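Trainee: Could you go through this one with me? I would like to learn how the terms are applied.
Mentor: Gladly. Have a look at it, then ask away.

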Amino acid sequence: MTRHRLVVFVCCLAAVWSGCRRKPAPPISEIHMQDPAARPRLLRGVYEGREQWRWTSPTFAVSLDAPPGSPDLHLHLDFTLPSEVMSRPGAATLLARVNGVEVGRHSYDQAGRYIFERPVPPPALQKRRGPAEIEFQLDRSFTEGGRVLGLIAVSAALLPYEETAGFGRAQMQLSREGYAKVLEQRNLRLPPAKQQE
């Protein structure tokens with residue numbers, strides 16, 4: 001084989017090799033339950049549906065990727081607690097685990113739409129390679145049409161703290177406090193009667 005043919009052969013082999021390699025799939029750190037692309041990420045306990053949400057069993061699980069470069073991650077679940085679940089007196093408690101590690105629980109006294117957010121300890125994400133298994137467990141349920149139902153899930157995500165509702169509320173509180181300080185300082189410099197003039 002001549003040198004020229006060898007160079008062409010090596011170039012063709014390199015082109016074929018690079019074309020055969022798959023690019024890694026982008027991380028999926030947020031899923032909307034009704035999105036067909038989310039189906040492979042719904043591990044168990046999530047029922048089929050055509051609405052913008054899905055009924056779940058009392059215990060259900062999804063898989064999510066941790067967003068790269070975000071050390072301070074929070075688990076986020078947008079859901080509705082149906083009135084059927086709250087028909088008995090007392091609170092319903094939702095528990096969340098990431099790779100088997102409990103990240104938090106919260107009790108709810110009434111039916112309604114809620115956002116469940118809890119920080120995820122870094123060791124919970126280091127326990128497993130690949131997507132994290134996120135499991136939710138509700139301590140109440142009801143049966144309808146032969147199905148044991150828990151809550152209505154809209155979306156689930158692993159989010160950097162800056163993208164959570166909790167961060168938004170904290171920033172709003174800081175803004176209110178800052179505004180109150182500005183008003184206080186203005187009142188010290190100029191009495192309210194003078195301000196009205």
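Trainee: How many bridges join strand 3 to strand 8, and what makes them a pair?
Mentor: First, a word on the source: this is a predicted model, where local features need pLDDT of at least 70, side-chain atom pairs count only at pLDDT 80 or more, and totals for chains, interfaces and linings use all residues. Residues are numbered from 1 along each chain as its sequence is written, and side-chain values use heavy atoms, leaving out hydrogens and water. Strands are DSSP runs of E, at least two residues long, numbered from the N terminus. Two strands pair if DSSP finds at least two bridges between them. Strand 3 and strand 8 (residues 132–138) have 6, so they pair, and they run antiparallel. One bridge partner of V62 to look for in strand 8 is I134.

Trainee: What makes strand 11 a partner of strand 3?
Mentor: Strand 11 (residues 152–160) is joined to strand 3 by 2 bridges, so the requirement of at least two is met. These strands run antiparallel, and W55 stands opposite I152.

Trainee: Why is strand 3 called largely enclosed?
Mentor: Buried means under 20% relative accessible area (1.4 Å probe, protein chains only). In strand 3 (residues 54–64), 10 of the 11 residues are buried, so the rest of the structure largely encloses this strand.

Trainee: Which residues have the most contacts inside the largest nonpolar core?
Mentor: They are L75, L94, I134 and F136, in a core of 35 residues. Such a core is a set of buried Ala, Val, Leu, Ile, Met, Phe, Trp, Tyr and Cys residues joined through side-chain atoms within 4.5 Å.

Key:
Buried means under 20% relative accessible area, exposed over 50%, partly exposed in between (1.4 Å probe, protein chains only). Helices (H or I, at least four residues) and strands (E, at least two) are DSSP runs, numbered from the N terminus.
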